[in-house]
Amino acid sequence: MDLDALAGCLSSSACLVTQTTSGLIIGMLLFLVAVGLTLIFGVLKVVNFSHGAFYMFGAYFAMAAYQLTGSFALAMLAGAAGTAILGLIFERVFMSRVYGADVLMQLLVCYAFVLIFDDVVRIIWGPEFKSMGMPSAFQVMPLFIAGGVVPPYYLLLIGVALVAAIVLGAGLSRTRIGKVIRAAAHNPGMVSALGINTGLIYGGVFALGGMLAGLAGALAAPVRSLTPGMGFSVLIESFIVTVIGGMGSILGALIGALLLGLIRSFGSLGFPLFTEGLMYLFMVIVLVSKPTGLFGKEAA
Amino acid sequence: MTELEAGRARALVPVSSGAALQRYRDVLIAVIAFAVLASLPLFTGSKALLDFVIRCSAYGLFATSLNLLVGYTGLTSFGHGMFFGLGAYGFGLIMQKLGVPIPVAFVATLAITAVIAAIIGAICVRLKEIYFAFVTLAFQMLIHSTILSWASFTGGDQGLRGGIPRPTFLGINLANHIHLYVASCALLILGLLAMRQIAQSPFGYTLRMIRDNAARASFLGIDVWRAKLTVFVLAALFAAMGGMVMALFVSGAYPEFAYWTISGEAIFINMLGGVSTFLGPMVGTVLLLLLNDTVTRFTEYHGIVLGVVILFFALGLRKGLLDFVAEWFARRRKTGEGR
Amino acid sequence: MTRTRTPGISRRSTLALMGAGAMTFAAPWVARAQAKTIKIGMPTILSGRVAQLGTSSRNAVMLEVEKVNAAGGLAGRQIEMVVRDSKGQPQEAARVARELVNTDGCELLLDGEASSGSFAVHEVARDLGVLCIHTCSEASSLTADPKQHIPNAFRCVRQGIHDSIVGGSYAAAISKAKGLKKWATCSPDYAYGRDTTGEFTLYLKRFAPDVEIISESWPKLFQPDYTEVVTKILQAKPQALYSCLWGGDLTSYIDQANIYAMFGQMEVFAVNMADYTALTVVKNLPKGIHSGNRYIKTFPTTPENAAWGDAYKAKYNEYPTNWSWQNATAVMFLAEAAKKANSADGKKLAEVLKGLTIKCPFGADGTVTMRGDDHTLVGYAIGWGTTIPQEPYVPEVKAGDWKTIFELEAEWKKSKGYT
């Protein structure tokens, strides 16, 4: 424990601003991964334990495309589109068969694919870790905003995450498709009785969730090393985010991610050896006081 | 004890007729099974086979105890591995630091596990379904983090090193491979027998009722929270027993024993073997360990092989092996009678 | 319809599985009966995040075993390697190690496990009495702690304490020259990270007493995001930074620190940077990072070392890793010991291995020694230098002095209560 360092930082404005911004950056990155998880749970009532694998594929697709074309935009597109297609196939061929089944059965199917996907990546790209490299456009000096340091690349990340949050939030509540999706989440039987293809909706939502994870992986590829199994720790963190925020709530995922980001950035000052433990402690406290998470609704 | 009495009243119908008979049958099966296992070293010189049975004992106790929660009570715990880890660490630490006789360490570990399980359980069992799963998982991660952070006591990521001392007691020397083997078998059989008795007791039927309809059970005067807490602590005890067998096998305890992948493996074993029969998890244990040991011999891409096998069970059979076999027999008997 | 057929299929597949499974339990003498070959078992990590550890270890072992076999084998017996994956789980490592000895009839073990796995295999060696050479675990206590000591286990691996002594004196010299007084550290939060960092700062302060550590960060092993750590260090405004992050964690850290322009603001000492796995992967490698040598073919600057690195590259189309040279050295030790003992028997080999000095391309003076009193490797090439972003990556390495290492190591052992 190093509470002096924490107190010292809290009393210095420069430190406060920097650590808060880094907390926000961590949080927005987390949100981008977690939002797909929460979306899939909200609509399909499935805890997608293979979400980390989509994140991993997004990163590898992006790296492959970047090496091939040298274009950052195409790399991002490859990461997002590739995982969207993968998500659609995964949902239609496999997950759709276990919707009625036990939670454990769904978990098992996801777990099987985590194992398979990790090995597939190992076969295609090899066991060693890789790095995509930062595009030269972003190899510039960081910006100083209100005494805090922010690299331009992270501004892009925050921008993408915010756009994702707004589009998803507004899209679900205001558009016709959003209304149908919410109706399907609430009462799939009724929606399909109205002549709407629920299979298509489910597949679409899963593809969207997979795409968000893939996009997150693609965006992370320039700053994080790529290895088989890289989705694992990311899955755990985004899992904590969605549980704290409330499974199925997009706002909850945003708030949960930002809270975790702040816990990480200030926890690393005050409790450098127990930062991870703090996250789990926080999760326990939230779950015990409000089992459905901060913004979760009671299950119908 | 009102909930037990109420449970007994409700459970009288299925239990009373031949309950004593069934108990004798169970004990008889247990004795035969132990005799067969214990005499195995007389027929084979394969140390790997004995190792395999020891590991089956550790995982079997652990997985079957999880089934008390999942299969009998409908409590899906994602954090059951924490008690496996607690058992291994508790036993290893007591033996290393205090040097007491093994049975004392064994009982003391169970006592510590019971206290911790009671505290964690009291918080967790209020929650339902997936939220119970999440909070148990969170506790498991908290315990795992603590083991890693508290390096001066637990050895951190390197685990308990230097071997676990195994002084001879009552003529039993657990440093001897055969002795350890027989002791593991004894623990396994005794543990399974005890769990079987719990499952078939009036309390066991109370649990089934809670699983099927908690509202009805509570309406009938059963204290659901207390019953759930009781089975949570009982299951933790047997999981800790499994952890102790594992600690003896590897002569150490490692943080991986308390990681959530261990809980995941137990869930996997349960799904593989089947959750609606008592011996399902045991069948699953043998199946998974055999699969693991065989596949890793031939390829380092065992993930793909294991994944495909899981898919076969999850999408093909849609249930555990023993459940599938049991249903198949039931159906065959039915058609046979019809003929 | 299909329902009724499925049990048949599952029964058949179960039978097939049982047949395969039976091989797992086959008695050892069946395997041992096979005339003159000698089997060496190797549990290591071939899957998961550090699969590279296992694959590059196995590659090096195969390269050397081929040479030994071509030269007549181990005391006339051809070597057959049995390499098996432990997935990095200690209970699997123990299981695999026991199986290799008990079922596959392996008479020797090369333990390619890291961290907790190596201690699990160490216990197996203690139990079974089989000769075991650890080839990947850098945890000092494995051989330094007398409680761990067993006559049949050796360690053929570089050690954090050696790196720290050399690094401490190297860094102190630069500190004095450039006036670097305020230091920060950033290392992974596990035993290796904590011990190595503690030892490095100990020796840095010893050689440059006016150095002060003003900030410590302990990210988790395999943490994907280091943002809070990077900003924390930038906040502290140190003049120099020490890190013993390694592998993919180190490259992630460099990529993330790079966009904060951290490398221009302080001198960076990253002991595990000069390893081809990291050097060749980082796309925008900053110039002038100080690093210890892990494995580079230009240090030691001998034709033997360069030839070995090239031979490995020619065979596997990638450069060797730090794990590679350690595993290769272990095989060289076995070959030399067998020659001296004129036997491949584990007990006799162990006798000869104690204090054995062999010619080796990775030796500081062309030889390396298996120190007799604590069964650990000494005399290997060790040094520090600065990086450039292209080959040869570390053009000049300042070699460490083994005399100083031995002195300070003995002192350190005493302070730990090991001697």
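Begin by selecting A:R264 and C:E228, which form a salt bridge across two chains of this predicted model, and look for the closest N and O atoms, which lie 3.0 Å apart. Between chain A and chain C the count is 2 salt bridges, and there are also 14 residue pairs in polar contact, both residues being at pLDDT 80 or more.

Next, colour the helices of chain A, where α2 (13-44), α6 (152-174), α10 (231-245) and α11 (250-270) each supply at least two residues of the side that touches chain C. Among these, α2(A) deserves its own selection, since the largest share of that side, 8 residues, comes from α2(A). Sorted by class, the side of chain A that touches chain C holds 24 nonpolar, 12 polar and 6 charged residues.

Now widen the selection to the whole contact, to which chain A brings 42 residues and chain C brings 35 residues. The area buried between chain A and chain C is about 3300 Å², with carbon and sulfur atoms giving 56% of that area. On the chain A side, pick out A:F129, A:S131 and A:L273, which lose the most area to chain C and together account for 18% of what that side buries.

Finally, move to chain B and select helix α8 (residues 177-200) together with helix α9 (residues 202-212), whose axes come within 4 Å and cross at roughly 65°. The residues to display there are B:I198, B:A199 and B:Q200 of α8(B), which meet B:P202, B:F203, B:G204, B:Y205 and B:R208 of α9(B). By class, the residues of this contact divide into 5 nonpolar, 2 polar and 1 charged.

Technical notes. Residues numbered from 1 in each chain as written. Chains lettered and ligands numbered in written order. Predicted model: local features only at pLDDT ≥ 70, side-chain atom pairs only at ≥ 80, totals over all residues. Heavy atoms only, no water. Axes fitted to C-alpha atoms, helices over the stretch in contact; angles between N-to-C directions. Contact = heavy atoms within 4.5 Å. Nonpolar A, V, L, I, M, F, W, Y, C, P; charged D, E, K, R; others polar. Buried area = accessible area lost by both parts, 1.4 Å probe. Salt bridge = Lys/Arg side-chain N within 4 Å of Asp/Glu carboxyl O. Polar contact = N/O pair within 3.5 Å; in protein donor to acceptor, adjacent residues only side chain to side chain.
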